[in-house]
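Hi everyone, thanks for coming. I'd like to walk you through one structure today, so have a look at it while I talk.

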Amino acid sequence: MAKFEIKEEFYLDGKPFKILSGAIQYFRLHPDQWRDTLYNLKALGFNTVETYIPWALHEPQEGQFKAEGMLDFEAYFKLVKEMGLYLIVRPTPYICAEFDFGGLPAWLLRYPSMRLRVNHPLFLEKVSHFYDWLFPKLLPYQSDQGGPILMMQVENEYGSYAEDKAYMRSIAQMMKVRGVTVPLFTSDGTWIEALESGTLIEDDIFVTGNFGSQPKENTDNLRAFMERYGKKWPLMCTEFWDGWFSRWSEEIVRREAEDLAQDVKEMLQLGSMNLFLLRGGTNFGFISGCSARKTKDLPQITSYDFDAPITEWGQPTEKYYAVQRVTHEVFPELEQMEPISRQAKAYGSFPLLGTANLLDVAADITEEILLDYPQPMEQIGQNYGYILYRSDIKNQYHEERLKALETHDRCHFYVNQEHLTTQYREEIGDEMLFSADTERIQIDVLVENMGRVNYGYKLGAPSQSKGVKGGIMINHQFRKGWKHYALKFDQEMLAKLDCYSDPPEKVKAPTFYRFEAELDDIADTFIDCSKYGKGCISVNGFNLGRYWNEGPIHYLYVPSSLLKEKNEFIVFETENVKIEELTLLDHPVYKK
């Protein structure tokens with residue numbers, strides 16, 4: 001057991017201790033890559049790893065908890081201890097982390113009267129139930145119980161969201177009464193309003209800052225704030241931003257290695273730090289979030305490379321070696337090592353083996369739910385992915401009118417399985433005209449959830465509920481009788497997919513494309529998506545995530561541990577692009 005204390009310095013077993021940490025989020029890496037990534041943290045000379053615990057993944061449906069595979073944080077914590085590292089854990093209800101809804105579970109949106117992240121009894125009740133499951137698993141890993149956890153976070157950047165000390169105290173108290181004995185801390189921007197609102201300094205809870213440049217100015221702000229309350233605590237940056245996330249349709253955000261290295265060196269001389277991130281990983285499936293804007297929310301890409309010192313696919317970069325160098329300059333006594341570098345392999349191209357039209361097979365691959373009026377995704381128990389709404393009307397043999405109201409985020413409309421139009425952002429709600437020559441007309445509306453806002457004032461806003469909310473009008477009437485198909489792209493749905501039809505001459509509807517790839521000498525690889533439109537891809541039943549020809553990325557990363565000798569890839573394409581081959585490369589592809 002180790003005793004970690006926060007006085008004028010950090011102390012570990014009575015000796016001064018400098019926290020040299022890097023963020024490695026277990027849920028964005030395949031477990032087979034945890035050890036190598038932790039090794040590369042040690043190779044820098046660092047001693048601590050930091051991670052969030054995303055509520056949304058661990059309680060995907062209310063009262064149903066998961067901690068297997070990529071979510072097995074206990075296995076991760078055991079590995080951290082085995083490798084002689086310490087741990088900072090952030091088990092906060094909200095994590096931001098460019099994660100859909102900031103890590104809050106989407107099922108919270110089924111409670112319209114609930115206020116999120118404030119002292120609302122119903123919200124606190126839901127957090128409490130999650131903590132009842134979570135903290136018995138965390139407690140044995142506290143440093144004073146023989147584990148690696150040095151301290152835990154109360155809330156995340158709360159000073160950038162609200163001013164509700166009662167809420168903050170409720171979360172801290174929940175942690176304490178469940179047995180947390182290691183020190184608690186908060187982390188916020190270093191401007192005075194954020195520190196006043198986001199901290200519990202008056203309750204003797206440690207204060208840290210989040211920033212990625214100007215270390216002296218930011219730590220001066222932290223020191224002055226602490227002194228105002230009579231505290232002489234060590235200075236720490238919990239999120240020292242070494243890169244940034246990227247959004248669809250924009251350029252990849254980059255930061256020069258030497259610029260980072262000099263800021264890191266200055267921070268190391270001033271206090272303790274956590275590099276955010278050491279390795280970002282991947283937004284597998286549909287977990288990527290969205291940046292809030294007044295009129296146009298900006299969804300974030302599948303890659304969470306973050307321009308970090310270690311790439312999404314595990315290669316140390318120029319940044320890594322620059323940080324390693326300045327760490328040695330400041331602390332020449334620390335042991336450093338050569339890092340492990342993962343290598344990818346190109347396997348060539350594989351021909352198409354079969355297709356399936358979504359509009360033909362929807363009822364076969366997921367439950368058909370019949371309701372009077374279209375319901376948002378969350379109301380039928382769906383958090384992520386796509387949802388298909390279907391109805392039919394009597395043909396009056398004149399020009400018909402169709403529109404979807406208050407619908408998020410991106411809609412494809414089909415009349416008798418013929419693509420009518422696609423609407424996104426400003427276009428949603430515009431009226432469309434159509435006609436047909438059949439007695440009954442089938443109307444299909446495919447809606448994609450492109451990610452909920454993860455930071456800022458739109459958290460909890462009505463727009464964060466996905467699917468159709470205002471209704472679908474046909475000829476100025478809200479029509480009754482809508483079938484709902486929740487397309488989650490989970491293993492259960494994909495296992496039901498019969499994808500053996502010949503490809504159509506002309507693609508007119510969302511289509512599944514099936515490929516098989518027999519591989520030897522299995523290694524990481526990259527799917528070349530540069531000739532595709534928009535959709536997602538699974539391998540052996542695992543959803544790798546979204547692709548989109550908007551860029552800036554035109555690839556999906558495939559960790560080797562998801563592959564075997566014979567592999568099935570399913571490409572789901574929504575833009576009527578005819579896909580004829582799947583190509584596996586040894587490098588990522590970016591938009592030119």
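Okay, let's start with one residue: Glu-406 sits in strand 18. What is odd about the phi of Glu-406, given that it is not a glycine? Well, that phi is positive, about 45°. And is Glu-406 buried or exposed? Its relative accessibility is 58%, and exposed means over 50%, so Glu-406 counts as exposed.

Before I go on, keep in mind that this is a predicted model.

Now, the neighbourhood of that residue. Strand 18 covers residues 400-408, and six bridges join it to strand 23, residues 467-474, with the two running antiparallel. If you want one pair to look for, find Thr-407: its bridge partner in strand 23 is Val-468. These strands belong to an open sheet of four strands, and the order across it is 21-18-23-24, with antiparallel pairing. Which strands stand at the edges? They are strand 21 (432-434) and strand 24 (477-478). Each of those has a single partner strand, so one side of each has no neighbour in the sheet.

Let's zoom out for a minute. The chain has 592 residues, and 62% of them count as buried. In terms of secondary structure, you'll find 11 helices and 32 strands. The C-alpha atoms fill a box of roughly 85 × 55 × 40 Å along the principal axes. How does the radius of gyration fit with a compact globule? For 592 residues, a compact globule would come out near 25 Å, and the chain has 25 Å, so the two agree.

Next, contacts. Take the contacts in the chain with a separation of 6 or more: 79% of them are between residues 24 or more positions apart. As for the outside, the accessible surface is about 22,600 Å², and carbon and sulfur atoms account for 47% of that. And the charges? There are 64 positive and 88 negative ones, and their mean positions are 3 Å apart.

Now to another group of strands. Please find strand 25, residues 482-487. Five of its six residues are buried, so to speak mostly covered. Strand 16, residues 368-371, is joined to strand 25 by four bridges, and the two run antiparallel. Strand 17, residues 386-394, also runs antiparallel to strand 25, and five bridges join that pair.

Here is a nice one to look at: Lys-483 in strand 25. Leu-370 stands opposite Lys-483, and Arg-390 has Lys-483 as its bridge partner too. Elsewhere in strand 25, Leu-487 has Tyr-386 opposite.

What about strand 17 itself? Seven of its nine residues are buried, so strand 17 is largely enclosed by the rest of the structure. Strand 17 also pairs with strand 22, residues 440-448, in the antiparallel sense over nine bridges. In that pairing, Asp-392 stands opposite Gln-442.

Now for some backbone details. Which residues does a cis peptide bond join, with omega about 10°? Those are Phe-276 and Leu-277. You'll find Leu-277 in strand 11, residues 272-279. There is also a cis peptide bond from Gly-551 to Pro-552, with omega near 15°. Pro-552 is in the loop between strand 29 (542-548) and strand 30 (555-558).

Remember the positive phi at Glu-406? Asp-13 has a positive phi as well, about 55°, and Asp-13 is not a glycine either. Where is Asp-13? It's in the loop between strand 2 (10-12) and strand 3 (15-16). Its relative accessibility is 49%, so Asp-13 counts as partly exposed.

Last stop: Ser-530. This residue lies in the loop between strand 27 (525-528) and strand 28 (534-539). With 35% relative accessibility, Ser-530 counts as partly exposed. Which residues is Ser-530 in contact with, if we leave aside neighbours within four places in sequence? The contacts are His-554 and Val-589. And if you go from Ser-530 to Tyr-320, 210 residues away along the chain, the C-alpha atoms are separated by 29 Å.

That's my tour, so please go back and find these places yourselves.

Conventions: Residues numbered from 1 in each chain as written. Predicted model: local features only at pLDDT ≥ 70, side-chain atom pairs only at ≥ 80, totals over all residues. Heavy atoms only, no water. Buried < 20%, exposed > 50% of the residue type's maximum accessible area, 1.4 Å probe, protein only. Pairing = 2+ DSSP bridges. Rg over C-alpha atoms; globule rule 2.2 N^0.38 Å. Contact = heavy atoms within 4.5 Å. Areas by Shrake-Rupley, 256 points an atom, 1.4 Å probe, with all protein chains shown as cover. Lys, Arg positive; Asp, Glu negative; His and termini not counted. Charge placed at Lys NZ, Arg CZ, Asp CG, Glu CD.
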